[in-house]
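Trainee: I'd like to go through the labels on this one and ask where each comes from. Can we take them one at a time?

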Amino acid sequence: MNEEKSRVTTVRLQNISYGHKQSATLKAAIELDLFTKISEGAGTFGEVASALGITELNAERLVVACAAIGLLEKVGVRYRNAPDVERFLVRGKPSYVGPWLVFSAHDFEHWKDLKDFLTTEEPPKVLGLYEELTEDMAREYHEATYSVGLGAGFLFAKNVDLTRRKCILDLGGGSGAYCIAALQRYPHLRAIVMDFEPVTRMTRKFVAQWGLQEQISTLAGDFTRDPFPEGADVIIQASNLPQYNEETLGQVLRKGFEALEPGGEYHVVGETISDEKDGTLGPALWGIHEALFGSLGRAHSESEVRSYLEKAGFVDITVNEFIPGSLTRITGIKPA
Ligand SMILES: C[S@@+](CC[C@H](N)C(=O)[O-])C[C@H]1O[C@@H](n2cnc3c(N)ncnc32)[C@H](O)[C@@H]1O
């Protein structure tokens with residue numbers, strides 16, 4: 001009986017192999033605006049069909065798949081959004097992250113050839129994806145990162161007391177989301193967003209939307225090669241950890257340590273895996289994603305990042321919960 005109960009099946013493996021179907025279902029639902037319509041009151045196959053302008057058969061397929069994935073919940077005879085869907089996937093809400101989730105599916109066609117990327121003999125590129133960054137890529141990328149980065153930026157500003165700080169240097173700051181959010185809470189601050197040239201054009205666009213051109217400037221450059229400006233007492237390096245290896249990260253951290261004002265703080269807000277290297281799913285997948293770009297990057301654990309900060313000279317290092325399962329904030333202080 002016990003043996004019968006513990007017999008393994010192929011179901012888990014099959015569902016993992018169908019992962020792309022889940023991803024595509026989510027993408028289609030966002031593109032069709034299913035979750036906005038459900039939030040507005042469509043709750044049956046018929047109502048969804050007329051709200052989306054699709055057949056009732058396809059509405060049923062989509063709604064049933066979304067419910068099985070856990071994106072929708074059934075209450076009585078009607079469907080409603082799961083709590084995270086209601087918060088993050090209803091268009092018009094400030095917390096809407098549709099652009100980021102749709103963007104995440106943009107390299108579908110490369111993933112099916114992952115084996116080829118894993119067995120390639122091509123020499124690695126330090127900057128991976130960014131070696132060939134074009135204006136169009138930067139625009140598409142940061143319209144997406146802005147939607148998710150702003151929420152993270154507000155959380156950062158809520159968690160980190162910057163009352164006595166003067167100037168943030170945001171390395172790989174992308175849309176400028178972290179600095180924009182910090183300035184809402186700490187309007188006395190100045191900030192510099194350093195990123196590749198095509199990205200800084202996008203940064204300026206977002207900064208202007210918030211009327212913060214005076215407070216937030218941009219610096220076009222490669223943080224692995226170019227010097228850092230003087231005068232910052234806070235450095236943020238958010239969501240660009242798995243793109244690099246220990247050696248490159250060490251160089252960046254040492255350069256940051258030199259440039260920081262004495263007593264200043266360096267925050268690595270990174271996609272970290274468990275210290276045992278047997279999880280965490282999202283960050284681990286960002287690590288393998290780097291194979292597609294031919295970089296030297298991989299997923300790093302919290303204790304590894306802590307040790308990189310120590311080696312660079314930082315003290316009082318703390319590992320802080322940030323967005324569990326996604327990002328950890330690891331902070332080091334430059335001695336005064
Ligand atoms: C995933 S985005 C994160 C953007 C922003 N930090 C946020 O969290 O919203 C990664 C950013 O790091 C930038 N980046 C990566 N490597 C860089 C480098 N070597 N020099 C400058 N920027 C870099 C990319 O261009 C991109 O804007």
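Trainee: Are Trp100 and Phe103 buried or exposed?

Mentor: Keep in mind that this is a predicted model. Both Trp100 and Phe103 are buried, and that label needs a relative accessible area under 20%.

Trainee: What makes Trp100 and Phe103 a stacked aromatic pair?

Mentor: A ring pair is described by two things, the distance of the centres and the angle of the planes. The structure holds eleven aromatic pairs. In the one formed by Trp100 and Phe103, the centres are 6.0 Å apart and the planes 25° apart. The cut-offs are centres within 6.5 Å and planes under 30 degrees apart, so the rings pair and count as stacked.

Trainee: Where do Trp100 and Phe103 lie along the chain?

Mentor: Both sit in helix H8, residues 98–103. They are three residues apart, which is about one turn of the helix.

Trainee: Which residues make up the cluster with Trp100 and Phe103?

Mentor: Tyr141 and Trp286 join them, with ring pairs linking the four residues.

Trainee: Switching to cysteines, how do you know that Cys167 has no bond to Cys179?

Mentor: Cys179 holds the closest cysteine sulfur to that of Cys167, at 8.8 Å. A disulfide needs the sulfur atoms within 2.5 Å, so this pair is too far for a bond. By that rule the count is zero disulfides.

Trainee: Why is Cys66 called buried?

Mentor: Its relative accessibility is 0%, and the label applies under 20%, so Cys66 counts as buried. Cys167 has a relative accessible area of 1%, so Cys167 is buried by that cut-off too.

Trainee: On to the ligand: which residues are closest to it?

Mentor: Gly172, Asp195, Asp222, Phe223 and Tyr244 are the closest, out of 20 residues that surround the ligand. By class, that shell has nine nonpolar, nine polar and two charged residues. Helix H11, residues 135–159, gives the most to the shell, with three residues.

Trainee: What makes the Tyr244 approach a polar contact?

Mentor: A nitrogen atom of the ligand is 2.6 Å from an N or O atom in the side chain of Tyr244. The cut-off for N or O atoms is within 3.5 Å, so the pair qualifies. Polar backbone atoms pass as well: one in Gly172 is 2.9 Å from a ligand nitrogen, and one in Ala238 is 2.9 Å from a ligand nitrogen.

Trainee: And how much of the ligand's accessible area does the protein cover?

Mentor: On its own the ligand has 590 Å² of accessible area, and the protein covers 96% of that.

Notes. Residues are numbered from 1 along each chain as its sequence is written. This is a predicted model: local features need pLDDT of at least 70, side-chain atom pairs count only at pLDDT 80 or more; totals for chains, interfaces and linings use all residues. Side-chain values use heavy atoms; hydrogens and water are left out. A residue is near a molecule or strand if one of its heavy atoms lies within 4 Å of it. A polar contact is a pair of N or O atoms within 3.5 Å; within protein, one must be able to donate a hydrogen and the other to accept it, and residues adjacent in sequence count only if both atoms are side-chain atoms. Accessible areas come from the Shrake-Rupley method with a 1.4 Å probe; for residues, only the protein chains shown count as cover. Helices (H or I, at least four residues) and strands (E, at least two) are DSSP runs, numbered from the N terminus. Ala, Val, Leu, Ile, Met, Phe, Trp, Tyr, Cys and Pro count as nonpolar, Asp, Glu, Lys and Arg as charged, and the others, Gly among them, as polar. Buried means under 20% relative accessible area, exposed over 50%, partly exposed in between (1.4 Å probe, protein chains only). Rings of Phe, Tyr and Trp (its six-membered ring) pair if their centres lie within 6.5 Å; planes under 30 degrees apart count as stacked, over 60 as edge-to-face and the rest as tilted.
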